[in-house]
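Work through the following exercises with the sequence and the coordinates open side by side. Each task is followed by a solution that proceeds step by step.

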Amino acid sequence: MGGNSRKFKKAEKSKIKLKSALKGAKLPKGTNVTKTNFKVRKIVIPDQIKQRNLTDANVLSSRSLTVKDCLAKLKHTNPTAKCDGLRGLREILAKLPTEVTENHLSTAIKSIVSISIDIERDVRRDCYKTLGLLFAAAGQENVLPFFDVLLSFLRCAMTHIQPRIQEDSLLLLDTFLQHLPQLVLLNRDKIFPQFLDMISKLRSESKPERTLTLSLNKQSTSTKWRTRVLMRLIGMLRILIDSKKGDGKVAMEMKGGEEPMDTGDESNPFTTKSTHIPASSLPVNNVFDYRAPLHFPLVRHRLYQPCPLTCLFRKSITGSGGNLSLSDQIDEGRKLKTYVQMLMPLLFESWLEVRPTSGGGETAEHVLSHEAATTLGLLLDIAIQLWELVVIYGRETNNSDMTRWFRDQYAEDFCNHILKGFPFYQSPGAGAGKGGRSAMADETKERNVDEKCYQQNFNICYFYCCLNENFRSDRSKNYDKVANYVERCVNNWKFRSPEVSSLLLKVLRYMLLETDCVSINQNTRGLLKTLLEVYIQAKLPQDTRNRILILFCDIIVLNDRLWREYGQEIFTLWLRMLPNLLKKTVIDFNVLKALLCLAKQKNTIFLHSLEENVEDIVGNVGTLKVVNEQFKNEGLVLLINLLFWVSKRDALEKLLQPEQVKTIKIDDDMKAYFRSTLRTRLVSL
């Protein structure tokens with residue numbers, strides 16, 4: 001080591017040394033001076049920065065970005081920059097939505113929806129959130145000119161080659177259903193094919209029948225994926241049903257609450273071709289004048305409504321196929337029938353994949369896993385919605401061919417595939433996955449609420465009665481099974497969920513009252529007796545008792561022949577107890593209307609009991625509170641009208657005595673109305 005160092009130093013000393021020519025040289029005088037003859041350019045601030053500094057802080061995001069800045073970030077290739085831009089737009093929309101909707105709506109919609117099919121998941125999710133806020137601020141009427149652009153990106157996402165983008169397209173559809181229901185309703189024909197392609201495919205190009213496909217990706221099973229798709233289908237059908245029923249909420253949003261949008265075009269499969277103008281409602285004068293003649297209406301108000309001739313002479317739509325003309329292809333009934341033909345086989349196939357096998361004995365068919373119970377509930381909801389659409393179509397067109405075709409086509413398949421294992425229950429370990437204690441806790445609430453599949457079983461009972469027109473006189477084993485199950489549930493009316501109680505009341509109303517079937521078998525009569533006993537003896541919630549009472553009143557008032565088929569002796573004790581409701585402190589307005597209908601029908605048993613308790617009822621008028629009335633004293637007017645039907649002359653004269661009227665704790669106007677009503681009754685006796 002030391003020798004090498006010495007050799008290096010010796011070699012360095014032997015090198016030739018060159019002297020610098022500038023060594024010791026100096027600059028001449030006058031050259032060491034700073035030059036000041038340069039030019040200075042002005043600092044120009046862009047207009048964008050000037051506007052940002054002068055604009056109100058409400059128009060800026062938390063990072064001092066304007067709307068244009070945020071929209072410019074959406075064109076960036078960096079996912080973080082896109083998320084920052086979307087976050088800034090949401091902040092501005094939350095503070096000042098008019099700034100975006102009035103000045104930048106077109107650019108904002110096109111820029112935001114363009115990244116709805118971005119490859120990054122976080123960007124797509126932020127895009128859906130921002131679109132929801134933008135739709136809520138702008139409204140459907142302002143978004144209408146740009147809905148074709150939105151629809152094109154939705155269809156692109158539904159058919160995208162990336163499974164993750166297809167999966168998130170359901171979230172984009174959720175945004176449309178929540179904020180733009182009317183626009184989705186008008187363009188459902190453009191959404192429906194791609195929507196069904198996500199879970200099925202056509203068996204042949206010439207027929208509408210479809211078959212199920214496999215799962216979307218390996219991370220989710222086919223059943224879970226179909227469940228997610230079918231949940232959106234329920235939302236689409238619900239919007240359609242609400243619009244057809246005249247709900248008004250969806251149909252009036254486009255016109256600001258004035259009138260529904262005109263959807264009578266050829267591309268709309270469910271639009272009624274005939275225009276039906278309902279009769280205008282006449283104002284009702286509730287004050288009696290005993291000097292004026294009385295007029296009792298003998299014709300129902302709905303008979304005054306005009307009936308279009310196109311409904312009377314409408315042709316059948318269930319004939320055999322063949323080469324259809326253009327007018328037949330655009331007919332709404334044929335399109336509805338096509339939708340039913342596409343969906344109903346898919347529903348049955350989906351159930352056949354998840355239903356329990358019968359290898360474990362006869363009772364093994366009744367036990368369902370959590371996945372099978374969820375699937376069954378969704379399938380029944382969709383099937384019932386399709387049935388409601390068919391019924392609405394038949395009512396609008398005055399044609400029952402579609403309902404008969406639906407029953408003939410699917411009643412047998414329903415009994416063979418779904419009713420065979422009825423009633424269903426969930427297995428004790430249903431829904432408890434491998435996620436440990438947290439996963440079990442998430443499912444505990446749902447299992448406790450509907451662990452015996454009440455919702456699924458009641459929907460099965462309801463749909464079975466819909467598919468069998470003469471079910472009340474049916475003596476088959478299937479109806480025995482349905483009626484016995486409903487009767488057991490009525491006897492043990494202890495449901496924790498109010499939704500389940502409401503669903504059972506819907507089933508009871510359809511089985512006991514609705515439909516034109518008049519013949520009564522022993523099972524139906526026994527169900528009515530059980531319901532009466534439970535109403536009289538059991539301690540049910542007040543809302544449930546009111547709905548049962550209204551059901552009984554409707555059976556007597558709306559269908560006199562059906563009441564006689566049940567047997568008048570069944571209702572005798574119940575009718576005698578009804579006037580006692582008027583001696584309590586609270587009564588529902590709808591119950592009071594039902595009692596008035598019984599009095600107008602001159603039900604002898606009810607009126608006799610009313611006359612026996614008339615003095616106690618009048619003494620309780622001041623303390624009786626009528627709930628659910630829309631206007632002040634509306635319930636009191638109905639109660640006084642009810643007293644009009646008392647036929648005992650001495651009882652009426654006693655109530656009209658001045659000292660008796662003074663004891664009634666009501667205002668002077670109602671006292672005058674009370675005296676006028678009873679005097680009118682005395683004159684008519």
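**Exercise 1.** Determine why C466 forms no disulfide with the closest cysteine.

Solution. The closest cysteine sulfur to that of C466 belongs to C465 and lies 7.0 Å away, which is too far for a bond, because a disulfide is a pair of cysteine sulfur atoms within 2.5 Å. C466 is also buried, at a relative accessible area of 0% (buried means under 20% relative accessible area, exposed over 50%, partly exposed in between, with a 1.4 Å probe and protein chains only). By the distance rule, the number of disulfides comes to zero. C461 is likewise in no disulfide, its nearest cysteine sulfur being that of C465 at 7.0 Å, and C461 is buried at 0% relative accessibility.

The model is predicted, so local features need pLDDT of at least 70 and side-chain atom pairs pLDDT 80 or more, whereas totals for chains, interfaces and linings use all residues. Residues are numbered from 1 along each chain as its sequence is written, and side-chain values use heavy atoms, leaving out hydrogens and water.

**Exercise 2.** Locate C453 and K602, and decide for each whether the residue is buried or exposed.

Solution. Begin with C453, whose phi is near 55 degrees, a positive value in a residue other than glycine; C453 sits in the loop between α19 (437-450) and α20 (454-467) (helices are DSSP runs of H or I with at least four residues, strands runs of E with at least two, numbered from the N terminus), and is buried at 0%. Turn next to K602, with phi near 60 degrees, which lies in the loop between α27 (589-600) and α28 (604-612) and is exposed at 54% relative accessibility.
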